Amino acid sequence: GSGNASRSLTAVPGHLQVSLPNGNPDHDCWGASSNCAKLLRTLASGTSDFTIETKIDGVNIGSQYQTYGIMLWQDVLNYIRFEYWSQGASPIVAAWKIQGGNGSSLISGPSVSLSGSNYLRVTKSGTTYQLEYSQDGASWKLAGKVTVANFFPAQFGIMVDNAGSNPAVTANFDYVDVQYAGQISFIQITQPPQGEVVNEGEAAT
């Protein structure tokens, strides 16, 4: 699509703010569509097991099909979303997989009350993926653990999504970090943006 999602590194200093407007077109990653706003980075060559964590600050969701979180990406027809997701009430911690262009639920976790600081953590061990969440960064709870065969993520990152009536969604990402092979790559959002527009389906590196 032409793309009307936006990003800013000045709206909330120290954060990457990603915003989706209300209405058409949608910004959904589901099935054969990958139109959500996503920013991806390449995993280290030869990576097998890793942990990815992000912190999302200060914006609640509660309308149907508002969501934001972490994405693991193999290609346009194969990826997994780990996220805070709303059916139209209190958000839940959830995960969805798209394999071969077909979408299905992986984890339908507990409902949560989002706070000023909301964390998600994904740990991959072999073909097992564990999703944890926290509202303070100290006390972590397990949302679910699943096995996904024949999925080979090449990139990781953050995503913001809407669908249905396409309600507006805003997420303020404080950081994303990935840990593998005993090392940590910490992505702190502090520099001014190169540009202000993120198109649907765009993978910004």
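Which residues does Pro21 touch, not counting residues up to four places away in sequence? Let's start there. On that count, Pro21 touches Asn4, Ala5, His27, Asn162, Asn166, Pro167 and Ala168. Before I go on, a quick reminder that what you're looking at is a predicted model.

So, where does this proline sit? Pro21 is in the loop that runs between β2, residues 16-20, and β3, residues 29-30. Pro21 counts as partly exposed, because its relative accessible area is 26%, and that class lies between 20% and 50%. If you want a distance to check on your screen, take Pro21 and Val169: C-alpha to C-alpha, the pair is 6.8 Å apart in space, yet 148 residues apart in sequence.

Okay, let's zoom out for a moment. The protein has 205 residues, and 52% of them are buried. On secondary structure, we've got 17 strands and zero helices. Now the contacts: take those with a separation of 6 or more, and 61% of them link residues 24 or more positions apart. As for surface, the protein exposes about 8,600 Å², with carbon and sulfur atoms supplying 47% of that.

Next up, Glu53. You'll find Glu53 in strand β6, which covers residues 50-57. Buried or exposed, then, for Glu53? Glu53 is buried, because its relative accessible area is 12% and the cut-off is under 20%. And what does the Glu53 side chain pair with? There's a polar contact of 3.3 Å between the side chains of Glu53 and Arg121. Arg121 also turns up in the wider contact list for Glu53, once you leave aside neighbours within four places in sequence. The rest of that list reads Ile70, Tyr119, Leu120, Trp140, Tyr175, Val176 and Asp177.

Last stop, the cysteines. How many disulfides does a search of the whole structure find? One. The partners are Cys29 and Cys36, and their sulfur atoms are 2.1 Å apart. For the geometry people: the angle about the S-S bond is -80 degrees, and the link of Cys29 and Cys36 is left-handed. Both partners are buried, Cys29 as well as Cys36.

To pull it together: we have a partly exposed proline, Pro21, a buried glutamate, Glu53, with a side-chain polar contact to Arg121, and a disulfide between Cys29 and Cys36. That's my tour, thanks everyone.

Conventions:
Residues numbered from 1 in each chain as written. Predicted model: local features only at pLDDT ≥ 70, side-chain atom pairs only at ≥ 80, totals over all residues. Heavy atoms only, no water. Disulfide = S-S within 2.5 Å. Buried < 20%, exposed > 50% of the residue type's maximum accessible area, 1.4 Å probe, protein only. Helix = DSSP H or I, 4+ residues; strand = E, 2+ residues; numbered from the N terminus. Polar contact = N/O pair within 3.5 Å; in protein donor to acceptor, adjacent residues only side chain to side chain. Contact = heavy atoms within 4.5 Å. Areas by Shrake-Rupley, 256 points an atom, 1.4 Å probe, with all protein chains shown as cover.
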